[in-house]
Amino acid sequence: QLHTHMQDKFFPLQLVEWVLRGISCVILLNNPLSGALILAALLLESPWQALLGMLGLLASTFTAIILGQDREEVSSGLHGFNGMLVALLMGVFSSAGDWYWWLLLPVCLGGAATTFLSSSLAPVLDRWDLPVSVFPFNTVILLYLACTGTSNPYFPNHPAQPPGAPENTNHSQLHVPQLLQGVVLGVGQIFACGTVGPSLLILGAVFLFSPILAVYALLGSGISTMAGLSMSVQHSFLYSGLSGFNGALGCMVVGVFYILNWRTHLLSIANALLSAYTDIALSNLLGVLGLPASSWAATLTGTLMLLLTGKNLKEYRIPTGKVAS
Amino acid sequence: QLHTHMQDKFFPLQLVEWVLRGISCVILLNNPLSGALILAALLLESPWQALLGMLGLLASTFTAIILGQDREEVSSGLHGFNGMLVALLMGVFSSAGDWYWWLLLPVCLGGAATTFLSSSLAPVLDRWDLPVSVFPFNTVILLYLACTGTSNPYFPNHPAQPPGAPENTNHSQLHVPQLLQGVVLGVGQIFACGTVGPSLLILGAVFLFSPILAVYALLGSGISTMAGLSMSVQHSFLYSGLSGFNGALGCMVVGVFYILNWRTHLLSIANALLSAYTDIALSNLLGVLGLPASSWAATLTGTLMLLLTGKNLKEYRIPTGKVAS
Amino acid sequence: QLHTHMQDKFFPLQLVEWVLRGISCVILLNNPLSGALILAALLLESPWQALLGMLGLLASTFTAIILGQDREEVSSGLHGFNGMLVALLMGVFSSAGDWYWWLLLPVCLGGAATTFLSSSLAPVLDRWDLPVSVFPFNTVILLYLACTGTSNPYFPNHPAQPPGAPENTNHSQLHVPQLLQGVVLGVGQIFACGTVGPSLLILGAVFLFSPILAVYALLGSGISTMAGLSMSVQHSFLYSGLSGFNGALGCMVVGVFYILNWRTHLLSIANALLSAYTDIALSNLLGVLGLPASSWAATLTGTLMLLLTGKNLKEYRIPTGKVAS
């Protein structure tokens, strides 16, 4: 309704709506209000990060307009969230500190690159009714970090640690309250947020759109953290929410693309597990090169879930075109 | 005939047939008798390994039933062999010794994961009339080994050695009888068997189904071993059959999917070579990370062979649907 | 016209035309005269390299004839250029020196392998009207170098250096004339040529076919070199043209597959940038294993460019079938 209402408004106002929708798309929502709440969370976490995110989002949205992508898709924010994620991750991994203005350059280029990737992957994935999802983000951030590395004189980055590496200190006792906090942070880590307040705000944004999805996000993050425990990953991974966010996304993707019933509930739990273990495996592999696995695991297993052919599940699958709106 | 006869029987008996067919599917056969012979070989090699294999096979078959996969496919064993292979490899790479009961957990989860992958890859590969083959097995075992690693407190693994690494001892003389034994073991290594007796039993199971396929298996293993010699891989790779099994599979896949004549004979030799060299390359690459290339090489080159467009070969290609039965 | 004229000629003469067309196909041309000029450049650079290149080209062309590939495709050289590139790169990376006759063996096998890959990838890529391009070359050379490694007793290779590695010497001053020479060498590096004379001859061959493409080649190489500067890659990469050739190819691919106008001019520049940065990223990643990224970057980004769906560009895309002729 808001969407139809906005179509007569002048461009800057429309753009605001697109941007807010784009922000919410990161976490599989499509709701400007949720987007505004998430933006507030980002500002609370770090204004510099929020600025980077907005710039990346605008860069990729404008690239989409220049390329002449479908206006309907642009206005529902589908061409912005990959750019935003790339920008946020560039900011988090940069070891040059906040307000390092040169970073705006790769943020704009990276944002634009995601749109090229989205535009090109769409016809390939569309053959199997699959969404482009965050494949462009994952690809671009991996290439950016591989390109710049840790000792680049202009754009130095922190190296990512493999979660399976042995602890530096002796095997210390697990701290349960920190573990529970890590489950909540898992939701925030989807936007590279590592503090409790913003993570709760983001969880609120999900709740606003769909309470059941908020439950899924927490459930997925919890399952994923337990998977991390079962593989005895470094405690810092569990406490920071890095163990949880792929599971959260994996659980939510089933909630968004399948009609809810007890079978799809089980499927969402299965996918959270699959996503969590895949993330540990990929993080270990990429961590050898100092690279993060970002959300590759959730993206890959989520895509697999949408391809399932078993007749007990297929009837509950919502076609991709009907999900976005 | 047996298959039709079994359909009226009660479930446990049917299941036995499915399982035995599933075992034979690993090596591109579809015959319960061959499956029984291979099961005997596995029991002879190690009862623990046979147990793991059966459990993996059952886990993936039951997952297929729960997901509601096509009953016809389940009953011909197509949803079991990936789980079985994952279980066998988990057992072989585990450094916790035999009868380490905790291993049953990842075996069940890994078996189930292969079914999700099979179910999802099928619609993608089906566009080009390709079978899912052992892609799920290769993916799941690689992720499992990357996830657990060599120093995991619960599920430690042996690291895989790159075959191209320089020999530890000085360049010793090649031992021809051991080399010939390696060719036979190459057939056994398809089921992770490293001793002569079980390998001969497995070869017998192939011979029972199709004598020409047994010749192909030995021929492919031999070609593959020679390819290993030409790249001067470590002698232990040649003697243990690890050099041979990708070539054996590569040779057999042409024998199964193409009508036999002199052209396809040449193609099977070409594919054995291609598969063997690809395996050395992938083993060297993954070996850097301590991971095995398992049967990626044979799976990838076999899939390529099924896509060939040249008109001299295309007419002899048997459609995938007609091969399984 | 020449093509129709040649069809009545006897086989060796026809073959010469196919070979020359094949050579020109490497650099996205299709013109026997350009092919002859490039062959002259290769002979000038190193007769041994020229011999290897010809052998690889013939091996893959004959394999295509044996497989029964479409005669029209064979005669326009489409089944030769991948084999030629594999052979050239094998020669460049071999540390056994020139006129090491054993190298002819992998050159022939590698050339044949590219044809198998071309034949198999064609039906997959054809679904999205994509050309097979140099995917087979990139795959085969990577597998060959991974298979043989640097310490192989029969086929030893030089390791590839990651461009992002810190300089051995202290950060010396940039030498501008050498940098400009590197831009010209970037065109030559498409054929693994590292000297100025042959590079200019190859540029001339492009100019002969289409002056605008020659401008694109230089422009792309220049942009790519600047991208290398912005990431402060090793100076040797900039001076040798290794930084430039992926950008040159990236720029040219847009020029060949899109009708020229100011929009596609911008696209070609964007793709040169994308290709250049992707190449640095991939070279850093593969360089850890001592492997080169060859032209993976240009091939991948070029393929993406052909998939773009934005309506501002799609109307200018030339269908793949109409480009080759």
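**View 1. Chain C laid on chain B.** In this predicted model, a turn of 120 degrees and a shift of 0.0 Å along the axis lay chain C on chain B with an RMSD of 0.0 Å. The superposition is a least-squares fit on the C-alpha atoms of residues with pLDDT of at least 70 in both copies. Look for Arg127(C): of the residues of chain C, its C-alpha comes closest to the rotation axis, at 5.6 Å. The copies use different surfaces, and 8% of the contact residues of chain C recur in chain B (contact means heavy atoms within 4.5 Å).

**View 2. Chain A laid on chain C.** Here too, the RMSD is 0.0 Å after a turn of 120 degrees and a shift of 0.0 Å along the axis. The two copies are thus related as by a three-fold rotation axis. In chain A, the C-alpha nearest this axis belongs to Arg127(A), 5.6 Å away.

**View 3. Two helices of chain C side by side.** The axes of helix 6 (residues 81-93) and helix 8 (residues 135-148) of chain C come within 8 Å and cross at roughly 30 degrees. These axes are lines fitted to C-alpha atoms over the stretch in contact, with angles from 0 to 180 degrees between N-to-C directions. The two helices of chain C are therefore roughly parallel (angles under 35 degrees count as such). Among the residues making the contact are Leu85(C) and Phe93(C) of helix 6 and Val140(C) and Tyr144(C) of helix 8.

**Reading the labels.** Residues are numbered from 1 along each chain as its sequence is written, and chains are lettered from A in the order in which they are written. Side-chain values use heavy atoms, leaving out hydrogens and water.

Definitions and conventions:
Predicted model: local features only at pLDDT ≥ 70, side-chain atom pairs only at ≥ 80, totals over all residues. Helix = DSSP H or I, 4+ residues; strand = E, 2+ residues; numbered from the N terminus. Parallel < 35°, antiparallel > 145°, perpendicular 65-115°, else oblique.
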